[in-house]
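Thank you all for making the time this morning. Please have a look at the model on the screen before I start, and then I will go through it piece by piece.

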Number of protein chains: 2
Amino acid sequence: MTETAETTTEQDSIDFGQALGSILRNYLDKARDAISDLPGGPRGFQVMSVANGDDCSNQATIATSLGIDRTVMTYLVDDLEKAGLVTRRPDPADRRARQVVLTAKGAKALAAASERIAQVERTVLGNLSDTDADLFRQLLVRVAAAGPVVDACDVPGVAEC
Amino acid sequence: MTETAETTTEQDSIDFGQALGSILRNYLDKARDAISDLPGGPRGFQVMSVANGDDCSNQATIATSLGIDRTVMTYLVDDLEKAGLVTRRPDPADRRARQVVLTAKGAKALAAASERIAQVERTVLGNLSDTDADLFRQLLVRVAAAGPVVDACDVPGVAEC
DNA sequence: GCTAGATAGTCTGTTCTACAGATCATATTA
DNA sequence: TAATATGATCTGTAGAACAGACTATCTAGC
């Protein structure tokens with residue numbers, strides 16, 4: 001506790017928010033380079049990843065889970081659709097909603113991008129041992145899961161989809 | 001490794017980038033609320049924290065270490081200065097540069113803000129045990145330290161200050 | 001020692017990103 | 001049944017970030 005008091009009054013090491021911000025900037029810089037061909041960059045990748053997963057792949061739920069504004073989401077999906085990576089499909093359970101569905105081309109692009117992103121991740125975590133890196137990932141996912149919404153299927157108001 | 005292949009092709013859990021983004025959004029949302037009185041919000045807090053630490057507290061070095069654009073930094077320091085929290089002081093070692101120095105009022109404000117930020121941090125990490133939370137913090141700082149620049153004294157071109 | 005090139009900070013102008021609000025169709029709630 | 005809320009789209013705008021120009025100063029190389 002004395003150590004906590006010390007870090008509070010003097011910047012001996014960087015704080016949580018700074019570390020988080022720095023890691024994310026580093027990751028995003030590298031991810032942008034790695035998947036520069038993908039519309040929307042890292043964000044496009046994430047949308048495609050979520051769309052490829054559970055059945056909860058409506059625009060709004062994806063947008064909420066990724067912290068993307070609804071208008072931004074419209075244009076992002078426009079771009080992905082134009083590139084032939086996704087299509088929009090009416091949600092049978094809700095006539096207002098559109099599902100984001102990967103095309104075959106999109107699935108391939110996602111697989112390729114995933115490998116490159118995995119490499120970025122390994123680079124960012126490069127100074128940790130494998131054990132520590134796995135541990136860090138697990139802790140990260142646990143911390144994220146305790147936050148507002150992460151999993152698109154957890155978005156409030158979404159039935160099982 | 002088979003497990004890796006599986007997560008690559010199907011979104012069974014969120015990926016690293018998503019988790020990072022989600023945690024940071026959660027943290028920043030809470031931090032903004034917690035220190036809404038502080039000019040610049042979480043960013044102002046971070047600038048003051050860095051300025052309060054090592055002797056490497058020139059605008060440019062702080063900005064680089066926090067990933068803040070130099071123009072943005074000018075106006076941010078303007079706001080902090082207007083609020084009486086910091087002053088600018090010419091750097092004796094480099095006549096071009098200005099150091100950001102906390103005022104007495106600023107030091108008090110930083111201490112108060114630090115407590116509130118610590119509470120935000122505890123909240124964000126609330127689902128981890130104390131042991132896991134400490135471990136996470138350590139790993140976080142280690143991962144951040146391996147990235148481009150974090151510590152203002154590590155900014156290229158900066159002598160000991 | 002000198003000079004060319006780079007840099008710190010400031011300022012202006014511009015670009016980019018995110019968002020608010022309006023709208024229509026649809027779903028939900030009371 | 002009617003009022004209210006919501007998904008997606010579109011337009012317009014606000015705010016944030018950034019580029020470039022500038023002055024003063026520093027650094028590197030000859």
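How many bridges join strand β1 of chain A to β2(A), and do the two run parallel or antiparallel? Six bridges join β1(A), residues 86–91, to β2(A), and the two strands run antiparallel; strands are said to pair here if DSSP finds at least two bridges between them.

Before going on, I should say that this is a predicted model, in which local features need pLDDT of at least 70 and side-chain atom pairs count only at pLDDT 80 or more, whereas totals for chains, interfaces and linings use all residues. Residues are numbered from 1 along each chain as its sequence is written, and chains are lettered from A and ligands numbered from 1 in the order in which they are written.

Let me stay with the strands for a moment. In chain A, a hairpin joins β1(A) to β2(A) through two residues, and within this pairing Thr87(A) stands opposite Val101(A), while Pro90(A) has Arg98(A) as its bridge partner. Chain B also has a hairpin, with two residues between β1(B) and β2(B), and there Arg88(B) stands opposite Val100(B).

Around that hairpin, chain A has seven helices and two strands, where helices (H or I, at least four residues) and strands (E, at least two) are DSSP runs numbered from the N terminus. Along the sequence, the elements of chain A follow the pattern α-α-α-α-α-β-β-α-α. Of the 161 residues in chain A, 41% are buried, a residue being buried if 20 or more other C-beta atoms lie within 10 Å of its own, exposed if 12 or fewer, and partly exposed in between, with C-beta atoms placed from the backbone.

That brings me to the interior. In soluble globular proteins, nonpolar side chains tend to be buried together. The largest nonpolar core in this model has 80 residues, and those with the most contacts inside it are Leu20(A), Ile23(A), Val47(A), Leu20(B), Ile23(B) and Val47(B); such a core is a set of buried Ala, Val, Leu, Ile, Met, Phe, Trp, Tyr and Cys residues joined through C-beta atoms within 7 Å. If we take Val47(A) and do not count residues up to four places away in sequence, Val47(A) touches Gly40(A), Ile62(A), Leu66(A), Leu76(A), Leu80(A) and Val100(A), where contact means that the C-beta atoms of two residues, placed from the backbone, lie within 7 Å.

Next, how do the two chains relate? A rotation of 180 degrees, with 0.0 Å of shift along its axis, superposes chain B on chain A with an RMSD of 0.0 Å, the fit being by least squares on the C-alpha atoms of residues with pLDDT of at least 70 in both. The two copies are therefore related as by a two-fold rotation axis. The same surface serves both copies, in that 100% of the contact residues of chain B recur in chain A. Among the residues of chain B, Phe136(B) comes closest to the rotation axis, at 3.3 Å for its C-alpha.

As for the interface itself, 54 residues of chain B are in contact with 54 residues of chain A. On the chain B side, α1, α2, α3, α6 and α7 each supply at least two residues, and α2(B) gives the most, with 13 residues. By class, that side has 26 nonpolar, 18 polar and 10 charged residues, with Ala, Val, Leu, Ile, Met, Phe, Trp, Tyr, Cys and Pro counted as nonpolar, Asp, Glu, Lys and Arg as charged, and the others, Gly among them, as polar.

Finally, we come to the DNA. Around strand D there are 18 residues, of which Gln59(A), Ala60(A), Arg96(A), Asp69(B) and Arg95(B) come nearest; a residue is near a strand if its C-beta atom, placed from the backbone, lies within 6 Å of it. The largest share of this surface, four residues, comes from α5(A), and by class its residues divide into four nonpolar, six polar and eight charged.

One of those nearest residues, Arg96(A), is found in strand β2 of chain A, and Arg96(A) counts as exposed because it has 8 C-beta neighbours inside 10 Å.

Around DNA strand C there are likewise 18 residues, with Asp69(A), Arg95(A), Gln59(B), Ala60(B) and Arg96(B) nearest, and here the largest share, four residues, comes from α5(B).
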